[in-house]
Amino acid sequence: MAAGQEQFCQLLTSLLSTDNELRSQSEETYNNVPIESRVTLLLTSTLNDALSEEMRQMAAVLLRRLFASEFMDFYPKLTPEQQGQLKEQILISVQRDQPDGLRRKVCDVVAEVARNMVDEDGNNQWPDFLRFLFDCANSPMPALKESALRMFTLVPGVFGNQQANYLDLIKQMLHQSLLDTPNYSVRFEAFRATSAFVLIHDKEMPILKHMETLLPHMVATLVENVQKADDDTLLKCLIELAENTPKFLRSQLEPIVEISMKVFADTNAEDAWRHLALEVIVTLSETAPAMLRKVGGKYIPVLVPQVLLMMTDLDEDLEWSVADEILDDDNDSNSVVAESALDRLACGLGGKTMLPHIIQNIPPMLGNNDWKYRHAALMAISAVGEGCHKQMESMLPQIMEGVLNYLQDPHPRVRYASCNAVGQMATDFAPSFEKKFHDKVVPGLLMVLDDNANPRVQAHAGAALVNFSEDCPKGILTQYLDAIMGKLEAILSAKFKELVEKGTKLVLEQVVTTIASVADTSEEQFVAYYDRLMPCLKYIIENATSTELKLLRGKTIECVSLIGLAVGTEKFRMDANEIMNLLLKTQTEELPEDDPQTSYLISAWARMCRILGKDFVQYLPMVMGPVLKTASMKPEVAVFDNDDMTGFENDVDWQFVSLGEQQNFGIRTAGLEDKASACEMLVCYARELNEGFSPYAEEVVKLMVPLLKFYFHDGVRSAAAESLPYLLECAKIKGPEFLQGMWSYICPELLKAIDTEPENEVLSELMFSLSKCIETLGEGCLTEATMTELIRILDKLLKEHFTHAEDRQEKRKDEDYDEVVEEQLVDEDTEDVYLLSKVSDVIHALFSTYKELFFPFFDQIVGHYTKMLGDGMTWSDRQWALCVFDDLIEYCGPASVRYQQFFLQQLLTYTEDGSAEVRQAAVYGCGVMGQYGGPAYSVACTEALAKLIKVISAPESRSVENNNATENAISAVTKILKYSPANINKDEVIPHWLSWLPVWEDFDEAPHIYGFLCDLMESNNQAVLGNNNSNVARIIAVMAEAFAKEALDPTTEVAQRMACVGQLTLEQQQALHTFMSTPAAN
């Protein structure tokens, strides 16, 4: 055994070697040692005083890792006696006289064993550890107190299902440790332990209340900690508390913010400490903005100028403006941290709180002689646009007057910042920004595009022009098209020459992107520049093949495909084959995984598909491979111990989520956007090519269905959901058996995804996908079991809808409630209502396909919709409930009378509702009642007619906000007159009806109205024609106005009938002539 131990010590020495090859060989040898032997050897090495502290610590670290990953592989195989000896040994190891660093590693080992001793039911199978914990905490030796607290920090849930019995003892242990005045290190560990315990109970208010009295002592420890500035762990714990359970901090929020402000404002403190102190406040602004506004609001006027001052911490770099390679900003630099904090503070606290202090500080900074202050001020304006949107919108003219002046600043980095502000505001305030400031922004950016001496500034002006173009109304941008393209073509030519002569490419890459954006907005107007641009762009694609030019080539591919989409198939067709061949040539090369061209190629193929339509099918065999490969990419994921996190914390390619208890889940995010784009491209192919895509339908559906639960990226799940109805449509050509097989694969997984989806936005996509699948497949696509499961899910979602509404009402009673909270609650309600609309889409699909067969299932959820129609419910609840009952009448006709008691009286009442949206749903219901309801609804139609006339005749009925509801009411009257057997004097109503025309906003209802007008004209109805055809001129004017306002698609049957009806009889022509010849009254 001694020989084996000696060999193992040599192995540990090799594991610590800086020689990579030796260390790799040693790791392999170590992993081959049987697990039982490894445990014994590692524990013996940890306890071996003859070894160096470094080796003993290494042994302890390896032992903890082994227990963390393989404990249940060996422990159950030990005899009870061996198990007892192992646990006794590791407890003894904590009490030995040893260096502090080693003791901490040993505590980690013990905590790992303790964690494994709590089973899934919360039973602690190591009661000796709990006694040991309290004994150490009550020991007179500070080292043992620290050990107890450290172990408890690592396994705060160790008391399992007996915790309630120990709660007072736990609090007592933490309390006395926080008050251990002689021993700062004990108080330090007690702070950590309290934080850990609170965090695992962050949703359990009784426990949080119970522990709240510890907070003042934690704050006192924090004060001492920041004075010592020796270990920033406590600030990190505070950030975790602020992120997960901010309300716990409320009673001590003021001193917490004060401490954070003091550290942040201390320019002599280490940057890392200042960043953490700022993060405490920023996190609170995101997780408890109302609380921070109310309790800590007095610190905001001091905080804002300090953040702005930190943004001025920039290096003087004379090469900055001429750099051709742009390196990513250092995320830990003061200026980047401060800018991000300002953005988050604005979004968290809101513009009403933040903007006054920003506005107060910006003007003197803009007037400062030091360029860094001017730069910081402009970057601040860029940063707060999203969070201060509402308040800034009314001030844009004054803000822009200041910003645009700095496009001519003498310092290039200030000009850059001015371009940045223009570009960001063009995005944040679109499209009103473009409409209001185009006459100043476009000339200003074109001027900066002449800055050849500072290519980085020149490129950023091009980037700002992209932002402006993307959201600019076409009619505005085309006013400047010659000026913009004249400038961009000149730069393209000059920079292409520079690329050849000097190898510089930064501006060329940007100008290609800017041309693409301008083309995308200008559409067919871009044809004028096509012939001049295309030869150069094709040349770049053909020849920019070296590694350093791959990004330029990718952007040029994007540019060409966007230009093709803009100018249309006819113009692009002459170059299409050549460009397709160039792209195919690239596609056949084996591109590296990180090749920047890949994402551009995948997107370009989708655009080419849209341009070429069915002609693109021939290229699918060449393009599908790379698209499927990218869409199938599996992300790299890993679970890291805290010890393994070194070097990863600031890696932008990785994102981490703390799992607690020393573990972190990490995902490598690089490539996820490409995966999402590839999935979106597959959606495009299926949608555009239909049966032409059928050879790939089965392979793609097998890829997409599992991605419904790809929780690493919302866009991937949304694209997977969107693809399904299109793939089913593609598969129809393969026959009903194949189609049914595909749907049998899709349906259960789609329902599971809907049932478990955590994000409302994606859930809405999933619901919409399901409704479209049902409509695509028709009646019989859902088995009784599947329908039952679907109804269970809908029932759950509707119950959650009411619960969310109740939760919002509770939040309005919170002590920190204010008008900004109300705005957030309104946003939450809007999101909730959107989801409710998607639930209604599913019910619409079920009624439209199953009709009365859906009744037994609808019976299970109809109560929710009856509730929504009740007094005191929100307008959106009333609207969507009415929409469901409208569908019931429309698709189930007379059979819908079965549910009259639930909706009919409310439907009639809500025709006069104060909300236009509710009125529109109600009057539409009156229309389908007349059209489809049959005799059972005749009395209701008579009552509805009077109410509809009242709606149409109301003084403000044609205002912008009311007009859609009014046109729906006119359509409803039309349907009642045409279809209802109600006892109505139609000849009396028709003249009024004619006086309400024309209508043009509601494209769905216009055909009903004008179709009825044609019916009346064709039957020479005197009520519409008038005495002696006196209404003919009026009717012709109505028709002319309808065509002029594009109320109807000219290819439809109704439009054709109107054209024919317009061919008047001789008598009608004479009446029209007489009317037109009569002088107008003065």
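Guide: Helices are DSSP runs (H or I, at least four residues), numbered from the N terminus, and their axes are lines fitted to C-alpha atoms over the stretch in contact, with angles from 0 to 180 degrees between N-to-C directions. This is a predicted model, in which local features need pLDDT of at least 70, side-chain atom pairs count only at pLDDT 80 or more and totals for chains, interfaces and linings use all residues. Residues are numbered from 1 along each chain, and side-chain values use heavy atoms, leaving out hydrogens and water.

Visitor: How are H4 and H6 oriented to each other?

Guide: Helix H4 spans residues 53-74 and helix H6 residues 100-116; the axes lie 9 Å apart, at an angle of about 10 degrees. Angles under 35 degrees count as roughly parallel. H4 and H6 are therefore roughly parallel.

Visitor: How are H15 and H17 oriented to each other?

Guide: H15 (residues 271-287) and H17 (residues 300-311) pack with axes 13 Å apart, at an angle of about 140 degrees. Oblique angles are those not under 35, not over 145 and not from 65 to 115 degrees. H15 and H17 are therefore oblique.

Visitor: Which residues in H17 meet H15?

Guide: Contact means heavy atoms within 4.5 Å. From H15 come Arg274, His275, Leu278 and Ile281, and from H17 come Leu303, Val307 and Met310.

Visitor: Which helix gives the most to the largest nonpolar core?

Guide: A nonpolar core joins buried (under 20% relative accessible area, 1.4 Å probe, protein chains only) Ala, Val, Leu, Ile, Met, Phe, Trp, Tyr and Cys residues through side-chain atoms within 4.5 Å. The largest has 373 residues, and Phe693 is among those with the most contacts inside it. With 11 residues, the helix that gives the most is H34.

Definitions and conventions. Helix = DSSP H or I, 4+ residues; strand = E, 2+ residues; numbered from the N terminus. Buried < 20%, exposed > 50% of the residue type's maximum accessible area, 1.4 Å probe, protein only.
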